[in-house]
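Visitor: I am new to this structure and would like some help reading it. Could we go through it together?
Guide: Gladly; let us have a look.

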2 protein chains.
Amino acid sequence: MSVAVIKYDRHMGRWEADARGRLEQAALALYGERGFEQTTVAEIAKRAGLTERTFFRYFTDKREVLFWGAGRLQESLVSAVVAAPDSAAPIDAVIAALEAAGAVFQEGREHSVQRQAVIDVNAELRERELIKLARLATALAGALHRRGVREPTASLAAEAGITVFRIAFERWIKDTSGRELPQHIRESFDELKTVTAGR
Amino acid sequence: MSVAVIKYDRHMGRWEADARGRLEQAALALYGERGFEQTTVAEIAKRAGLTERTFFRYFTDKREVLFWGAGRLQESLVSAVVAAPDSAAPIDAVIAALEAAGAVFQEGREHSVQRQAVIDVNAELRERELIKLARLATALAGALHRRGVREPTASLAAEAGITVFRIAFERWIKDTSGRELPQHIRESFDELKTVTAGR
DNA sequence: ACGGCTGATGTCAGTAACTGTCATTAATGT
DNA sequence: ACATTAATGACAGTTACTGACATCAGCCGT
């Protein structure tokens, strides 16, 4: 175990550690308690023991607290698509990557449920969610390009994959039967195949 | 469909007519000249001969100027889907409606090109565009329900249709060959069928 | 041990998006 | 004629966000 890596575990200098994490926690709590619009950045900062200015050093805006994790998701999806076996068709590489990522979500389901409840009741937050998904689609298309897939196949496969993910995620959040996210993804994908099947 | 007839027959003497139209024109011009962020609402209002407060009476926010027309598009698409022949499969009803709407866009291509140039360089505007498209998808799914289509077929067909439209629209904006929007829609749809075709 | 540098935070002033509220006034209706 | 209404103005207030500069504990080279 490398102690060096965690050498700031107790005092990260003269301030409390993990300012970003404290801000995130404070924001999630307040958004949940009073709603997004009824929460001011000043309140978040105060609860985290910091100032408003510091909040904006960690998050580009008030919404971003809920979405900065999407960056890591994107990286893992891209890696998975790039690493898929050569034999996999574009859409299958995408769906496989989504299923793998879905397994990670599965572990923090309760957190996802709460977060989604905040997002669902606010138009601004839904906007931000959509653009994150769009970026994901673009990144996935880029990953497909690295596999030699050309346009418009790459974009369509990526977009279709994101569509499947979105619908599957929504169903998973509402699901009371205990079915897991990867399974919802598989089922939604099968549905899409049926719907688009040429006659 | 067709032109909006916005008249203020009854109060035409006191103020210049068509305040909304003047605000829209002023905003489009300024967004084009200096960019969206570099334009203040006060400037827009001034060019339109009105006040900032009046701007916010017509448009809920600074972005909405570019998107309020989406409401009419949505209505016409829903009508078209509902009116499609009973024999049409869900996805075909959606695509047919999009092709018809696409023909309307075709007439004002230059306007679409300019508007899109403003939107493309600004993240906030892209966010708003995405949520309008998402609303469109929801409305289309609703229209399919009225045709007796069930979930998840309706949502998937609607989402797939919007995906096709988005990609087709993008290609049409960039197109220099003169191919028309409905044709791009048809081609993108055929691509999607190919991409999602099970092996 | 000294002093300078760095990096995370604080302080403060400013801009501009948006909202609430009340005032104004031409046109309308009775 | 007079009350009413609809579109707009006037104005103050909140808050998200930005830029500039100050502070100060720990690190590093000497």
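Visitor: Of the atoms of DNA strand C within 4 Å of the protein, what percentage belong to sugar or phosphate?
Guide: Sugar or phosphate accounts for 59% of those DNA strand C atoms, and bases make up the rest. Before going on, please note that this is a predicted model, where local features need pLDDT of at least 70, side-chain atom pairs count only at pLDDT 80 or more, and totals for chains, interfaces and linings use all residues. Residues are numbered from 1 along each chain as its sequence is written, chains are lettered from A and ligands numbered from 1 in the order in which they are written, and side-chain values use heavy atoms, leaving out hydrogens and water.

Visitor: Which residues are closest to DNA strand C?
Guide: A residue is near a strand if one of its heavy atoms lies within 4 Å of it. Here 22 residues surround DNA strand C, and the closest are A:Thr54, A:Arg57, A:Tyr58, B:Arg14 and B:Arg53.

Visitor: Which part of DNA strand C does the side chain of A:Arg57 approach?
Guide: For polar contacts, look for a pair of N or O atoms within 3.5 Å; within protein, one must be able to donate a hydrogen and the other to accept it, and residues adjacent in sequence count only if both atoms are side-chain atoms. An N or O atom in the side chain of A:Arg57 is 2.6 Å from a base oxygen of DNA strand C. The side chain of A:Thr54, by contrast, has an N or O atom 2.7 Å from a phosphate oxygen of that strand.

Visitor: And what surrounds DNA strand D?
Guide: There are 23 residues around DNA strand D, with A:Arg14, A:Lys62, B:Thr54, B:Arg57 and B:Tyr58 the closest. The side chain of A:Arg53 places an N or O atom 2.7 Å from a base oxygen of DNA strand D, while a backbone N or O atom of A:Val41 lies 3.1 Å from a phosphate oxygen.

Visitor: How many residues of each chain meet where chain B touches chain A?
Guide: Contact means heavy atoms within 4.5 Å. By that rule, 31 residues of chain B are in contact with 31 residues of chain A.

Visitor: How many salt bridges are there between chain B and chain A?
Guide: A salt bridge is a side-chain nitrogen of Lys or Arg within 4 Å of a carboxyl oxygen of Asp or Glu. The count between these chains is 8. One of the pairs joined by a salt bridge is A:Arg128 and B:Glu127, at 2.7 Å from N to O.
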